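Biologist: Please take a close look at one part of this model and tell me how it sits in the rest of the chain.

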Amino acid sequence: MREATKRKLFEATLRLSASRGLVGLTVDDIAAEAGVAKGTVYYNFGSKDGLVDALLRFGVDLLAGRLRAAGTDDDPLAVIEAQVDTTLEFIAEYPGFSQIVVSELWHTPGRWHDTLALLREELIAVVKAQLERLGAAGRLPEGLDIATAAAGVFGTMLVVALDWQVFHPGRSRADVLGSVMLLIRGLKR
């Protein structure tokens, strides 16, 4: 499938799910919103579940790529700040993505829970790498469980971005970033 078609389907699904949720969407709705034939969806994905699964993977790949690209500074704390800002930027661009991820990750048993659990690990690994660098530099408290801290930072990034978009859309991204970084800097010695 062409990247442009995949992106159109991804964006259409996110736009529609933001107002209706995933469960209420039909392939007809998604195809019409994306401006593609319904058969295109079935041919490439087999079903709505297959489409959503692929689009969740596509969205996580987009976000993970952006998070990795943000990791160019020598200071791991600066990288984490860039990753938080990148996440806020991504969620502002694709607000429905955060809603889907949050609702499906903790909706037990969610239809896409297994896929999201794997994808969650991919995103957490990007954050964990920077926390490991901070730990190796002696900049984290002794005994801090890096895996738990990485999950906490990832969860904070995701939920704060969603909270910002839903409840505080008038706040600037810089203000939200500053608040998150105040929390994260509290981890540093």
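Modeller: Helices (H or I, at least four residues) and strands (E, at least two) are DSSP runs, numbered from the N terminus. By that reckoning the chain has nine helices and zero strands. The model is predicted, with local features needing pLDDT of at least 70 and side-chain atom pairs counting only at pLDDT 80 or more, while totals for chains, interfaces and linings use all residues. Residues are numbered from 1 along each chain as its sequence is written, and side-chain values use heavy atoms, with hydrogens and water left out.

The part I have chosen is helix 8, which covers residues 146-167, 22 residues in total. From first C-alpha to last, helix 8 reaches 30 Å, close to the expected 32 Å (1.5 Å times one less than the number of residues). Its buried residues (under 20% relative accessible area, with exposed over 50% and partly exposed in between; 1.4 Å probe, protein chains only) begin with I146, A149, A150, V153 and F154. Further along, G155, M157, L158, A161, L162 and W164 are buried too. An α-helix has 3.6 residues a turn, so residues three or four places apart point the same way. The cover over the buried residues of helix 8 includes helix 4 (48-69), helix 5 (76-93), helix 6 (95-105), helix 7 (113-136) and helix 9 (173-185), where contact means heavy atoms within 4.5 Å.

Just before helix 8, the loop between helix 7 and helix 8 holds R139. The side chain of R139 meets that of D75 in a salt bridge, 2.7 Å from N to O (the term requires a side-chain nitrogen of Lys or Arg within 4 Å of a carboxyl oxygen of Asp or Glu). D75 is in the loop between helix 4 and helix 5, so this pair, 64 residues apart, links distant parts of the chain. R139 is partly exposed at 23% relative accessibility, and D75 is also partly exposed, at 28%. Elsewhere, D85, E89 and R173 are linked in a network of salt bridges. The whole structure has twelve salt bridges.

As for the chain around helix 8, 42% of the 189 residues are buried. Of the contacts with a separation of 6 or more, 67% are between residues 24 or more positions apart. The C-alpha atoms fill a box of roughly 55 × 35 × 30 Å along the principal axes.
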